[in-house]
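Today I sat down with this model and looked up how one of its sheets is put together. Here are my notes, for whoever opens the file next.

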Amino acid sequence: MEVLINIGGGFPQLGWGQSNFKHFGSFFYRVRVGSVSVSSDENPSNSTADLQKSVDKREGSMTKKALKDLSFLPRPLSVTDFSTSSSSRSKVRISFKGLAGAYSEDAALKAYPQCETFPCEEFEDTFKAVELWLADRAILPIENSLSGCIHRNYDLLLRHRLHIVGEIQLAVNFSLLALPGVRLEQLKRVLSHPQALDQCNAFLNKLGVLRENVDDAAGAAQLVASNRMMDAGIVASARAAELYGFNILAERIQDDCGNITRFLVLARDPIIPRTDKPFKTSIVFTLDEGPGVLFKALAVFALRDISLTKIESRPQRNQPLRVVDDSNTGTSKYFDYLFYIDFEASMAEPRAQYALRHLQEFATFLRVLGCYPMDTSV
């Protein structure tokens, strides 16, 4: 049997043996595996053992040579496009939500120090900028260590066809800014994004000022600067102070010093996964109903020693409810979920390919959002 491992697109539900499979914007590994099926589990206590036997039997029939020979693949973006050399990034244009001085722009500059940034009003606009070739990459915040996930952006990842080609972990340090000549005791109000104000709650309570919400911290800086608001302070980055001509009255005013935001780098084309450095793979899938189905789906990773770093569920927007007719309890309605998972393995590794091929047997939908180098710096 031939297996197509999709990098960046949806897995086909039929036609695994097609020789002329076409899928715009996606790349496939073609390997030959033994035909081994996994039967439904009638004894829940033996489910792990049954899955392990299936894995051993399945993977014993696949040769390492078939998996390692990837020379036939087309070359999309190389991983060197995400390297640290300024010469390879000098002409990269990055779209982000917000104004100059926003933390998303800081993340873009961390990844591409010589890039040209392209401000957008909304998160969806950052996707469209790349799709319309107005930008080469998009920077998208996906989760924060204090406030959690940005669920809206998970939905956008599924709605659009961009590929995750990198991640950035940015330490968020908030500063209290004010116009030149303004002293701390003169402040009567502080402006910033609601999350920034919440994450500096203890400092602001001690200061005893009013709080005003704005769309983003950099926007607050622009508002105060343009209106010469001498009684207002801003919670923003030190770089925003430099850009807008503010003085820094206090630094690191956040309640928790371990404040990290994780950003994703998105592009029109995927990068070729490699094994010479740590890679992470992000996928999204749905499952049919049934006892132990989610357990079986997650077991395909555990049985291959693949670490999961992120599990997130989101109700399906088109069909959020599943109707179940139970003769004992009557008709019931349950939420139908999309499961987003990040795991530490490259799609160039056999174990990752085995795992996704195995997951395909349980999933009613499966899409690889991207395979990309891990950011181990903060």
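Is strand S18 (residues 337–343) mostly covered or uncovered? I found S18 mostly covered, with six of its seven residues buried (under 20% relative accessible area, with over 50% exposed and partly exposed in between, 1.4 Å probe, protein chains only). Strands are DSSP runs of E, at least two residues, and helices are runs of H or I, at least four, numbered from the N terminus.

A note on the source: this is a predicted model, where local features need pLDDT of at least 70, side-chain atom pairs count only at pLDDT 80 or more, and totals for chains, interfaces and linings use all residues. Residues are numbered from 1 along each chain as its sequence is written, and side-chain values use heavy atoms, leaving out hydrogens and water.

Next I checked the partners of S18, taking strands as paired if DSSP finds at least two bridges between them. Five bridges join S18 to S14 (residues 279–287), antiparallel, and Phe 285 stands opposite Phe 339. Seven bridges join S18 to S15 (residues 308–315), also antiparallel, with Arg 314 opposite Leu 338.

I then traced the open sheet, whose four strands run in the order S15-S18-S14-S19 with antiparallel pairing. S15 and S19 are at the edges with a single partner strand each, so one side of each has no neighbour in the sheet.

Last, I looked up Phe 285 again. Its contacts (heavy atoms within 4.5 Å), not counting residues up to four places away in sequence, include Phe 339, Ile 341, Leu 359 and Phe 365.
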